[in-house]
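Please load the model shown below in your viewer and keep a selection prompt ready. The stops are meant to be taken in order.

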Amino acid sequence: MVDAARARKLADRIQQIVAEMLERRIKDPRLGFVTVTDTRITNDLRDATVYYTVYGSDGERAETAAALESAKGVIRSEVGRKTGVRHTPSLTFVMDSLMENAAHIDDLLAQARARDAEVARAAQGASHAGDANPYREPVPDEDDDTGTDADEDDEDADEDDDFDGHDVAGGGEDGRSARPSP
């Protein structure tokens, strides 16, 4: 097996060579507007897959695939000459579906925007299902004029005033021991 960094570097070099060959040396009239998008190579450096896109109709894509298949030998010999590897990898050309995937994603996003717009239009005249304020607020006491809880705090303070501080040993508030006498 070969180092992954070396394989990636060789794949990048093959991509450059193939792109240059398609631009300058391959003069097949069937060859359309081709863009080499990616190249992947196996770990043993024996097989390289070249991904490409073609701008045009389905017929132009089929003609470009046939042109690439017929020029495969010339491109492979040029790859072997320029890379200098012992065994020139065999080339496989694969149509990259990047453009179709991008168009499909754009269509899905347009549908989602349309649905969001419909929901926004439906929500304009809508009202809340429950109360306007869903949080509970304290109900003021009937005998309390102010509506605060200050009186309850005062009652707690009054109970604490009865404590004389002598209850440390476990006795009652009046100082007597809570334990029975012997």
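The tour goes from the whole chain to a core, then to a helix pair and a single strand residue.

**Whole chain.** Start with everything displayed as a cartoon, bearing in mind that this is a predicted model. Colour by secondary structure: the protein has five helices and three strands. Followed from the N terminus, the elements come in the order α-β-β-α-α-β-α-α. Next, colour by accessibility; of the 182 residues in the protein, 22% are buried. If you draw a contact map, look at the contacts with a separation of 6 or more: 58% of them join residues 24 or more positions apart.

**The largest nonpolar core.** Select Ile14, Val18, Leu22, Ile41, Ile75, Leu91 and Phe93 and show their side chains. Within the largest nonpolar core, which has 26 residues, these seven touch the most other members. Which elements each supply at least two residues of this core? They are α1 (4–25), β1 (33–41), β2 (47–55), α2 (58–70), α3 (72–83) and β3 (90–95). Helix α1 gives the largest share, eight residues.

**Ile41.** Stay with one of those core residues and centre the view on Ile41. Leaving aside residues up to four places away in sequence, Ile41 touches Ala7, Leu10, Ala11 and Ile14, and also Asp47, Ala48 and Pro89.

**α1 against α3.** Hide the rest and keep these two helices. Two packed helices are described by the angle between their axes and by the distance between those axes. Here α1 and α3 pack at about 130°, and their axes are 10 Å apart. Because of that angle, α1 counts as oblique to α3. The crossing of α1 past α3 is right-handed.

Now add side chains at the contact. On the α1 side, select Leu10, Arg13, Ile14, Ile17, Val18, Glu20, Met21, Leu22 and Arg25. On the α3 side, the residues they meet are Val74, Ile75, Glu78, Val79, Lys82 and Thr83. Coloured by residue class, this contact shows nine nonpolar residues, one polar and five charged.

**Thr39.** Bring the strands back and select Thr39, which is in β1. Is Thr39 buried or exposed? Its relative accessible area is 0%, so Thr39 is buried. Show the surroundings: not counting residues up to four places away in sequence, Thr39 touches Arg8, Ala11, Ile14, Gln15, Thr49 and Val50.

**Last view.** Display Ile41 and Thr39 together with Ala11 and Ile14. Both Ala11 and Ile14 are among the residues touched by Ile41, and Thr39 touches them as well.

Terms used
Residues numbered from 1 in each chain as written. Predicted model: local features only at pLDDT ≥ 70, side-chain atom pairs only at ≥ 80, totals over all residues. Heavy atoms only, no water. Core = buried A, V, L, I, M, F, W, Y, C linked by side-chain atoms within 4.5 Å. Buried < 20%, exposed > 50% of the residue type's maximum accessible area, 1.4 Å probe, protein only. Helix = DSSP H or I, 4+ residues; strand = E, 2+ residues; numbered from the N terminus. Contact = heavy atoms within 4.5 Å. Axes fitted to C-alpha atoms, helices over the stretch in contact; angles between N-to-C directions. Parallel < 35°, antiparallel > 145°, perpendicular 65-115°, else oblique. Left-handed = near helix turned anticlockwise from the far one by under 90°. Nonpolar A, V, L, I, M, F, W, Y, C, P; charged D, E, K, R; others polar.
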